[in-house]
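User: Hello! I am new to this structure and would like to get to know it step by step. Could you walk me through it with questions and answers?

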Amino acid sequence: MTLLLLLVHTITSALLWGAVTHQALAVSWPARGARDGWWTTVRSVRAERYVLAVVVLFCTTLSLGAFLYPPFRVDVRAAYLDAHVPWGTGLFELKEHAAAMGLALLPLYWASWRDPEGVRVRRATTLTLAFIVWFNFLIGHVVNNLHGL
């Protein structure tokens, strides 16, 4: 069961990573003119269509991570990280705090996309959420691969 939860957690985090990255590129550097080329196509997505997906994927990924946390805390963290790589424990703690801040940011993120005049707030919340998702995605990979180091 843990392996299945881990697989679904990985898939939802990758989907979240892609959705929020597309949206962040679209709000911070929108495409102008003709849509030719790969880079222009990536930036020319309709960013407002990603809002519900980002909220649902963020909550789903966070919930799945919460179900995976007890086995990680007992088996991996106590037995390996705390004893051999304590800085890995610190990274994971930062990841937890960033996820909590992202969860607290979601209502403002949602509301900023509902307000047609809140362009600056929309951009700021989207970029902050994208930073949190990227940070957690990278730290998750680092902590996951520490046993191989």
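**A guided first look**

Analyst: Happy to! Tyr-80 is partly exposed, because its relative accessible area of 22% falls between the cut-offs of 20% and 50%. This is a predicted model.

User: Thanks! Where does Tyr-80 lie, and how many Å separate its C-alpha atom from that of Leu-146?

Analyst: Tyr-80 belongs to helix 3. Along the chain, Tyr-80 and Leu-146 are 66 residues apart. In space, the separation of their C-alpha atoms is 9.4 Å.

User: How many helices and how many strands does the chain have?

Analyst: Read from the N terminus, the elements follow the order α-α-α-α-α. That pattern fits the count for the chain, which is five helices and zero strands.

User: Which element of the chain has the lowest mean pLDDT?

Analyst: For the chain as a whole, the average pLDDT is 85, and 89% of the residues score at least 70. Among the elements, helix 4 has the highest mean, at 92. Where pLDDT is low, the predicted coordinates should not be read in detail. The element with the lowest mean, 64, is helix 2 (residues 38-43).

User: Which helix gives the most to the largest nonpolar core?

Analyst: The largest nonpolar core has 21 residues, and Leu-16, Val-54, Phe-58, Leu-106, Tyr-109, Trp-113 and Leu-129 have the most contacts inside it. Two or more residues each come from helix 1 (2-28), helix 3 (51-84), helix 4 (86-114) and helix 5 (119-145). With six residues, the one that gives the most to this core is helix 1.

User: How many residues are in the second, separate core?

Analyst: This core stands apart from the one just described. Among its members are Phe-72, Leu-81, Phe-92 and Leu-146. The number of residues in this second core is eight.

User: Leaving aside neighbours within four places in sequence, which residues is Leu-129 in contact with?

Analyst: Leu-129 is one of the residues with the most contacts inside the largest nonpolar core. Setting aside neighbours within four places in sequence, its contacts are Val-20, Val-54, Phe-58, Gly-102, Leu-105, Leu-106 and Tyr-109.

User: Is Gly-18 buried or partly exposed?

Analyst: Gly-18 sits in helix 1, and its C-alpha atom is 9.6 Å from that of Ala-130, although the two are 112 residues apart in sequence. Its relative accessibility is 23%. Because buried means under 20%, Gly-18 counts as partly exposed.

User: Which residues is Val-121 in contact with, leaving aside neighbours within four places in sequence?

Analyst: Val-121 is part of helix 5 and is partly exposed at 40% relative accessibility. Its C-alpha atom is 8.6 Å from that of Leu-108, 13 residues apart in sequence. Beyond neighbours within four places, the contacts of Val-121 are Leu-108 and Ser-112.

User: Is Ala-124 exposed or partly exposed?

Analyst: Ala-124 is found in helix 5, with its C-alpha atom 9.4 Å from that of Val-27, 97 residues apart along the chain. Its relative accessibility is 42%. Since exposed means over 50%, Ala-124 counts as partly exposed.

User: What accessible area does the nonpolar patch on the surface have?

Analyst: The patch is formed by Met-1, Leu-4, Leu-7, Val-8, Ile-11 and Leu-15. One of these, Leu-7, is located in helix 1. Together, the patch residues have an accessible area of about 620 Å².

User: Finally, what percentage of the residues count as buried?

Analyst: The chain exposes about 9,100 Å², with carbon and sulfur atoms supplying 69% of that area. Of the 149 residues in the chain, the share that counts as buried is 37%.

How values were computed. Residues numbered from 1 in each chain as written. Predicted model: local features only at pLDDT ≥ 70, side-chain atom pairs only at ≥ 80, totals over all residues. Heavy atoms only, no water. Core = buried A, V, L, I, M, F, W, Y, C linked by side-chain atoms within 4.5 Å. Buried < 20%, exposed > 50% of the residue type's maximum accessible area, 1.4 Å probe, protein only. Helix = DSSP H or I, 4+ residues; strand = E, 2+ residues; numbered from the N terminus. Contact = heavy atoms within 4.5 Å. Patch = residues over 30% accessible without salt bridge, like charges linked within 9 Å, V, L, I, M, F, W, Y side chains within 5 Å. Areas by Shrake-Rupley, 256 points an atom, 1.4 Å probe, with all protein chains shown as cover. Salt bridge = Lys/Arg side-chain N within 4 Å of Asp/Glu carboxyl O. pLDDT = per-residue confidence, 0-100.
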